[in-house]
Amino acid sequence: MTESSPRLTNLPAWKKLQAHYDEISSLHMRELFANQPNRFEEFSITLDSLFLDYSKNRINPKTIQLLTELARECRVPEAINSMFKGEKINTTEDREVLHTALRSDIDKPFIIASGDDVMPEIRAELEKMKRFCDAVHSGENTGHTGKTFTSIVNIGIGGSDLGPHMVVNALKFYQKDLDIHFVSNVDDADIAETLKNLNPETTLFIVSSKTFTTWETLTNAHSARDWFLQSGANQTALSKHFVAVSSNIPAATAFGITEENIFEFWDWVGGRYSLWSAIGLSIALAVGFDRFSELLAGANSMDKHFREVPLERNIPVILALLGIWYTNFFGADTQAIIPYDQYLQYLPAYLQQADMESNGKHVTKGGEEVDYSTGPIIWGTTGTNGQHAYFQLLHQGTRLIPVDFIAPVESLNNIGIHHRLLIANFLAQTEALVRGKTRAEARATLEKSGLSEKKIEEILPHKVFPGNQPTNTLFYQKLTPHNLGTLIAMYEHKIYVQGVIWDINSFDQWGVELGKKLARVIYDELGDGIPVRTHGQSTRGLINYFKEKSPKKS
């Protein structure tokens, strides 16, 4: 949509969807399934080994027709082309959005709107990453005492931590003989506990910061450098144990990192999309560069699907439109992501940033206040753990919470009955959420138990499950680097489509700035013994309380 486009809520398709919602919202999915015998086949899509079943949603064919009509009125196809053509769709920062170029076909040009081919510099950086990883794995690159590296510590925050951390954990099955650690929190417990059992002679640090000015990252990096130097190593040795991923070469070299050990990425790579770039160095070190390349190839497969497949059969588009349906018409505030795969335990946290930092906006690209909800709250944990925690609310609570269920067909480990039991739980939960349990069904169950009529009447309300809770079910054959890349890219594109429809810029993050600036002011104020008289009443009181109670330095 452009600045002169009609407001979203004034579009014809939006008004049709509102009328359609009034028609369909009271229907139970039991009825929808009964009225659509081929619903599973009609509402499922396959890409490679990724299979999406979206039949357990409060929709019918007309819903999808109207939602895709809305997408066309919001110029979603044109927006998809704009991203892949390298137009400056990050409007507030006047930047291209080219994370898809990072995983594009390596031997083909990627020409952006300016006419430039960005692939030569991408190829050069990938080759540099490959040489470095191969040298570490072969033992050619060693620490300053000649010992091979056994531990890697990635120091970053936000996109420089969440993506690599999630992927390294997800691909642990394929990990080489290296211990990979991630430090992100400025809380000194994070760096202290990480370094506690490491050997300075065999530890390699990756300082990941595009600007090399991120306060939290540099604080942790300086503490790591102090720890290393206190072991008896000198400044020359430092250059063998510290590498950087940054666009600020002068700042990284001033820190003590040699220019040959600085890996670059560019302004057109947003932090939360940067795991595909040199920010993924920790991934390549963990599983090998060939596996990292497979991850890129999996994402590229989803990129092609997203760009080429019609909206009605386009996996990211369908997921985005379902999210619009629930957020803007049913009033859902949250979206749960529940992977039934222990290797994906950090996926919900990763998607929190990917989605909430992208679409947590209250003004359109033209600067006007929206009159509709935008990005939902993203949350979740692994199944089956969640079943014994918050699933009670999903089944019998008062909120509508759409859920994505994600699981592998094949286990990577195949121990006893574990995987069969996992998938039984996975499928049972999706069925229970859609079907629920009626009052009559609950009564029949209680009557079979032999309870008295009085006891049945007393317990019966507590045994009723409303059901009608929407879910998407995603299967992949097994968790390979390729399939993981496909899954991540799917969510990236889903988020983008929703941003296009909401007419917001999904690629800036000005909301993180205000608190950071205030923190710098308060940091200086905490360093002396003088009571502050600035700030609001509460903040002023808290600062002074902290200063009064803090241990006095001798």
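## Cavities

In this predicted model, the count of cavities of 30 Å³ or more comes to 5. The largest cavity has a volume of about 70 Å³. It is lined by 13 residues. Closest to its centre are Leu319, Leu322, Gln335, Asp404 and Asn472.

Three elements each supply at least two residues of this lining: helix H15 (315-329), strand E10 (403-408) and strand E11 (471-476). H15 gives the most, with 4 residues. By type, the lining of the largest cavity divides into 6 nonpolar, 5 polar and 2 charged residues.

## The largest pocket

The largest pocket has a volume of about 1400 Å³. Its lining takes in 46 residues. Nearest the pocket centre lie Ile157, Thr214, Trp215, Glu216 and Lys516. Four helices give two or more residues to the lining: H9 (188-195), H10 (215-229), H16 (347-359) and H22 (513-525).

The lining of this pocket is mixed in type. It holds 14 nonpolar, 18 polar and 14 charged residues.

## Nonpolar cores

In soluble globular proteins, nonpolar side chains tend to be buried together. Here the largest nonpolar core has 125 residues. Leu70, Trp325 and Leu484 have the most contacts inside it. Helix H21 (residues 481-502) gives the most to this core, with 12 residues.

Take Leu484 as an example. Leaving out residues up to four places away in sequence, Leu484 touches Met166, Val167, Ala170, Leu171, Leu295, Leu344 and Leu479. A second core is separate and has 23 residues. Among them are Ala221, Ala252, Phe255 and Ile257.

## An enclosed helix

Helix H8 (residues 162-170) is largely enclosed by the rest of the structure, because 7 of its 9 residues are buried. The buried residues are Gly163, Pro164, Met166, Val167, Val168, Asn169 and Ala170.

What do the buried residues of H8 pack against? Their neighbours are strand E4, helix H13 (281-287), helix H14 (289-308), H16 and H21. H16 also gives residues to the lining of the largest pocket. Met166, Val167 and Ala170 of H8 are among the residues that Leu484 touches.

## The parallel sheet

Five strands form an open sheet in the order E4-E3-E5-E6-E7. The pairing is parallel. Strand E4 (179-183) and strand E7 (262-263) stand at the edges. Each has a single partner strand, so one side of each is left without a neighbour in the sheet.

At the E7 edge, strand E6 (residues 242-245) runs parallel to E7 and is joined to it by 2 bridges. Val245 has Phe263 of E7 as its bridge partner. At the other edge, E4 is one of the elements that the buried residues of H8 pack against.

## The antiparallel strands

Strand E1 (residues 44-47) and strand E2 (residues 50-53) pair in the antiparallel sense over 4 bridges. Ile45 is bridged to Leu52 in E2. The two strands form a hairpin with 2 residues between them. In the turn, Asp48 has a positive phi of about 50°.

E2 also pairs with E11, again in the antiparallel sense, over 3 bridges. Here the bridge partner of Phe51 is Phe475 in E11. E11 supplies at least two residues of the lining of the largest cavity as well.

## Backbone points to check

Most residues other than glycine have a negative phi, and most peptide bonds are trans. The peptide bond from Gly383 to Thr384 is cis, with omega near 15°. Thr384 is found in the loop between strand E9 (377-379) and helix H17 (391-396).

Two other loop residues have a positive phi without being glycine. For Arg75, phi is near 60°. Arg75 sits in the loop between helix H4 (61-73) and helix H5 (76-84). Asn468 has a phi of about 65°, and its place is in the loop between helix H20 (453-459) and E11. Is each one buried or exposed? Arg75 is partly exposed, with a relative accessible area of 41%. Asn468 counts as buried, because its relative accessibility of 8% falls under the 20% cut-off.

Notes: Residues numbered from 1 in each chain as written. Predicted model: local features only at pLDDT ≥ 70, side-chain atom pairs only at ≥ 80, totals over all residues. Heavy atoms only, no water. 1 Å grid on protein atoms, 1.4 Å probe; cavity = no way out; pocket = protein on both sides within 12 Å on 5 of 7 lines; lining within 4 Å. Points joined across faces, edges and corners; volume = space filled by probe spheres on them. Nonpolar A, V, L, I, M, F, W, Y, C, P; charged D, E, K, R; others polar. Core = buried A, V, L, I, M, F, W, Y, C linked by side-chain atoms within 4.5 Å. Buried < 20%, exposed > 50% of the residue type's maximum accessible area, 1.4 Å probe, protein only. Contact = heavy atoms within 4.5 Å. Pairing = 2+ DSSP bridges.
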